[in-house]
Amino acid sequence: MAAPMPMDICGVGVGAGSFTYDEQTDLKLKEFDLFTSSHEESRQVALHLHSVGCCPRCILRLLGESHPSSYRATPQDLERIFLPKEKWSSSSDTHTNPCSTCLGILQQYADKSFFKKLAGKVKQENFEFHDHQCSLILPVSLIVRQKAAFVDLKRKFGDIYVGKEERISSVKDVWKWACGPPVADLLQSKFQNRASFDILMTFTYADSDKECTFLLDIYPDTFYRRKQRKFGFETFTRANVANALAYTDNSKFEDCSPCPPPLPTVECECTVTCNHEAVFIAGRYQKYSRVLSQTPWVIDGKRAMEGSVQELVCDQILQTFRPTEHRLSSSGREDVDVRMLGLGRPFVVELINPHCTRFSVEEIAALQKRINASTSDVQVRDLQTVSRVETEKLKEGEIDKTKKYSAFCWCERELTDADLEKLSAIKDLTLHQKTPLRVLHRRTAATRDRVVHSMRAEKLSPNRFKLQLTTQAGTYIKEFVHGDFGRTSPNMSELLGAECDITDLDVEAVDVDWPPYIDPVPAEDSEDTAKSQAVTSDTVNAEPVPDATDCRQTQDPCGVTATSDTVNAAPVPDVTDRRQTQDPCDVNTAPDKTIDCDVVAANTNSTTPLCGSE
Amino acid sequence: MAETQQSTNLEKPPPGVVERYFKKHFRIDLKGKKYEDQVVLTHSNRVCVVCIAESHPICSEKKEVIKVDFEVKGSNRMDNKMSGKAKRGAQWLGPTAVLCEVTCSDESKYTLYCCVKGQLVEVNENLITKPCLLTEKPLGAGYLAVMLPGLKHFDKEIAQLMCEEKYKKALEERSTNVS
């Protein structure tokens, strides 16, 4: 316990009572907005708080100051304002004891040398940021100490503190008021209340649990050893301690926990971590390989297949944004042996804790070019950054949208013209699909109804035909053709009355209108064109090329769906010109090696034939 | 294959679904009854499709199946409710559990078995309305049931079945014994 309080101190003027105050500080004292009604009162409270081990900032805080700017004053200044000369700390004995109410968080963790360490640590993490927020996780027992300090003050200076408990500024706020600006200067970044870049300081205090143990006796039901890992086996959390203390009246508290709070015997430790809010990057991918899985395929720790769509799409993105983790999601997925043609499949990459985030539209376009130059198996278009909210549109479209496919089929008998007509006449055929055997091990067993909206069959040879289908999303096409042991019904075998099988499958279109188109959308000779909005664009400079074997490099005037500003803002060199054209006869020849990747990067005017000559 | 067209006009069929995705494993002379063979098609994802083997008298003697009954000894194999990815509630059956009884037009009756230990995921209900599927497409639409052995037991269960090579040898031995 501190020395007994001299009750006769009265502060004004030199040599009043047994203490001397610096007269000049009276003016400064006036600037504060405190609970007390006179300078003498303020100095009395301050002296008491000093005697129980409070640091200058906590003195100001517990006196009721709540103006952020007041906390710009250094602790030395505050000492000179509130304390008599006899109590001023000399330079040699600063920081000998952590403050009893903030545990040093407003002392050694709020001074220049700590700022330097903090800034050094943040810079070492190598993030690119222009504004930041600071978060503090404080030891739980700080709540107990704050309560103890208040109970003590109320006991000593009752009138001043009636009804004031809620109005005392928190350690967290005071740290931000005092340290926010100098730290921001060091980081050359703007300090904000909310920013996407977060500097998190976690303060741990070894005695924290010990100082809370008295609560176990008062509220054994609230505080029990937690068995769930979820809570990190913590008995005392900020929430339950704050809650319990709110229900404890002051006299009860006084009986159980020392008031004022005792001087801490150990110091707080502080760990600093940096985190940037996730960034989302969306686009569409086309896949031209039949030996490429969507995600890395690993069986018992061994690669079953080299590469994956995920890796090919993400590698360059990761090098650019440098996140610590990432996740690719897409609007559905295709099998390893299925190609994704047309405009591609919408996808989003969630970049968790990215180190670089600010990129211009041009830089993203350049990133897309790098991805496309790195591989010929996968091509990306419409690459753009999007907000978290927008990404929901990706999954919304998964169920109710339609998909278009080209299936290469075999039939045990030769197809007749009547067969072809019969298939083409089918509209909105409802299939009953039992969960396919190939996914039955990981999917619920059920019979699902899926609709084939339309079909068009085209004979390629006596036993082979190409089937173009538009179906509801979620239809298993392979099973529709081969029947999956009769578990999909009706199926092609039933429709044709002869065994059918599927040899190859291409996805031609995933009709999800998201993300917005950036790269030009080539016109299709179908009703889809009507959906596209006409956009005046400087790319409209050539007439449509009817030749199916020609690489589609020109854009039809009505083919571009994009808001005009994105088109203008992003004069993306046309990467899509190497897309497969929509001609039905292109796909059956040498599917995998038709795309010459080098052409994209080097020369957009190239007319590399994508499609085989028919 | 029932291909009746001119051979010049015909293409070699591509490997079928069974060849592409499944391996065949057998149990022969089930319960000691001569030639009563069954085949289990195993997928790499451990799904097992239980079928009748072509060497089974029903097939080899070209019998006409008139009834397939999944109600055995008071418990109905079709009475199999399950939920979720884990197929909770599905009947766990052993390799010798009876799957169904088949009645042929010559009044002969045969009992078919599960062949592997696992969850009964599905029985082929089409066989009830179209029993002829059993002989028309024994390794296709005429399958009997789908079984799913436990993740840890799959390899062990399959090891207890006869591989295709041994099965063919067994068939050869049979024909030499007969002659």
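## Polar contacts and salt bridges between the chains

In this predicted model, nine residue pairs, both members at pLDDT 80 or more, are in polar contact across the interface of chain A and chain B. On the chain A side of this interface, the leading contributor is strand β16, residues 500-510, which gives three residues to the surface touching chain B. Sorted by class, the residues of chain A that touch chain B comprise 11 charged, eight nonpolar and seven polar ones.

Three salt bridges are also found across the interface of chain A and chain B. One of the salt bridges in the model joins the side chains of A:Asp501 and B:Arg20, with a distance of 2.9 Å from N to O.

## Extent of the interface

The contact between the two chains involves 26 residues of chain A and 36 residues of chain B. Together, chain A and chain B bury an area of about 2500 Å² between them. Carbon and sulfur atoms account for 54% of that area.

Three residues deserve separate mention. A:Trp410, A:His441 and A:Phe485 supply 27% of the area that chain A buries against chain B, and no other three residues supply more.

## Cysteines without disulfides

How many disulfides does a search of the whole structure find? Over all chains, the number is zero. Two cysteines, one from each chain, may serve as illustrations.

In chain A, A:Cys356 takes part in no disulfide, and the nearest cysteine sulfur, belonging to A:Cys274, is 14 Å away. A:Cys356 has a relative accessibility of 10% and therefore counts as buried, the cut-off being under 20%.

In chain B, why does B:Cys104 form no bond with the closest cysteine sulfur? The closest such sulfur is in B:Cys59, and because it lies 9.5 Å from the sulfur of B:Cys104, the separation is too far for a bond; a disulfide requires the two sulfur atoms to be within 2.5 Å. B:Cys104 has a relative accessibility of 1%, so this residue also counts as buried.

## Architecture of chain A

Chain A contains 21 helices and 16 strands. Strand β16, already described for its part in the side that touches chain B, belongs to this set of strands. Of the 614 residues in chain A, 53% are buried.

The contacts within chain A can also be described by separation along the sequence. Among those between residues at least 6 apart in sequence, 77% join residues that are at least 24 apart.

Definitions and conventions: Residues numbered from 1 in each chain as written. Chains lettered and ligands numbered in written order. Predicted model: local features only at pLDDT ≥ 70, side-chain atom pairs only at ≥ 80, totals over all residues. Heavy atoms only, no water. Contact = heavy atoms within 4.5 Å. Buried area = accessible area lost by both parts, 1.4 Å probe. Salt bridge = Lys/Arg side-chain N within 4 Å of Asp/Glu carboxyl O. Polar contact = N/O pair within 3.5 Å; in protein donor to acceptor, adjacent residues only side chain to side chain. Helix = DSSP H or I, 4+ residues; strand = E, 2+ residues; numbered from the N terminus. Nonpolar A, V, L, I, M, F, W, Y, C, P; charged D, E, K, R; others polar. Buried < 20%, exposed > 50% of the residue type's maximum accessible area, 1.4 Å probe, protein only.
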